[in-house]
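Morning, everyone. One structure today, and a few quick stops. Please bring it up.

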Amino acid sequence: LAAVSDVFVENYLPGKLAEMGLGYEDIKKIAPHIVYCSITGYGQTGPMFQRRGYDSIAAAVSGLMHITGHKDGEPVRSGVAMTDLATGLYTYGAIMAGLLQRYKTGKGLHIDCNLLSSQVACLTHVAANYLNCKIEGKRWGTAHGSVVPYQAFKTKDGYIVVGAGNDQQFGTVCKILDLPELSKDSRYKTNKLRVQNRKELIEILSTRFSEKTTIKWLQLFEGSGVPYGPINSMQQVFSDPQV
């Protein structure tokens, strides 16, 4: 089967298939062209390589749970298995790159994909902040650590998420909320200042958002140029014409 196949994918503990005569070195002798991909919890080497891996465990070890949840609450798991999904996407990309290499060289290769390294790679700016500046990651709930306002707000009957990615968008948000004076307030003129004065600003915005229904706010934000959207239930998601 390997001799006529392009890709071999397995997710056994490291070394198990080799014990059965189906490791990469074994398959390579029969099919030197094969793109052999191993998917594990922690990779083929290192002190944890023999541990079994599950999404939630890798999310914990990788630090994802440390930065997920309410600011003053416990670490939480994401609503779906994001670590599994990310690993699958990285695996897909690696296999496609492996096939491209084989097309150019005629040789296959062994790809090592694992949950831990995939999720660490997905930490993006949180990891970069720590590696470059030693800034520890935090939980922010629906908010963003370095952009304000960029979070969910409770409305009269639900929630809306609004993101003011620049000063112009913040000014537009203030106009829509009928709070134009906020954009001129010396405490909130720039994003840096808004981050510094987050607590006071969010309290003001939250009070205003609570005065109208979600539908009303969606109507007011329509066409404004500000990114926004409701927090939808599954019923709302699958009845949305855009979906």
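Which helix lies across strand 4 and strand 5? Helix 10, residues 198-209, running at about 45° to strand 4. This is a predicted model: local features need pLDDT of at least 70, side-chain atom pairs count only at pLDDT 80 or more, and totals for chains, interfaces and linings use all residues. Residues are numbered from 1 along each chain as its sequence is written, and side-chain values use heavy atoms, with hydrogens and water left out.

Helices (H or I, at least four residues) and strands (E, at least two) are DSSP runs, numbered from the N terminus. Angles run from 0 to 180 degrees between N-to-C directions, with axes fitted to C-alpha atoms, for helices over the stretch in contact. Contact means heavy atoms within 4.5 Å.

Now the sheet. It is open, with 3 strands in the order 4-5-6, paired antiparallel. Strands pair if DSSP finds at least two bridges between them. The edges are strand 4 (150-154) and strand 6 (228-230). Strand 4 and strand 5, residues 159-163, share 5 bridges. Ala152 has Val161 of strand 5 as its bridge partner.

Next, rings. The whole structure holds 6 aromatic pairs (Phe, Tyr or Trp six-membered ring centres within 6.5 Å; planes under 30 degrees apart are stacked, over 60 edge-to-face, the rest tilted). Tyr24 and Tyr36 sit edge-to-face, 5.5 Å centre to centre, with 70° between the planes. Tyr24 is in helix 2 and Tyr36 in strand 2, so the pair ties together parts 12 residues apart in sequence. Elsewhere, ring pairs link Phe153, Phe209, Trp217, Phe221 and Tyr228 into a cluster.
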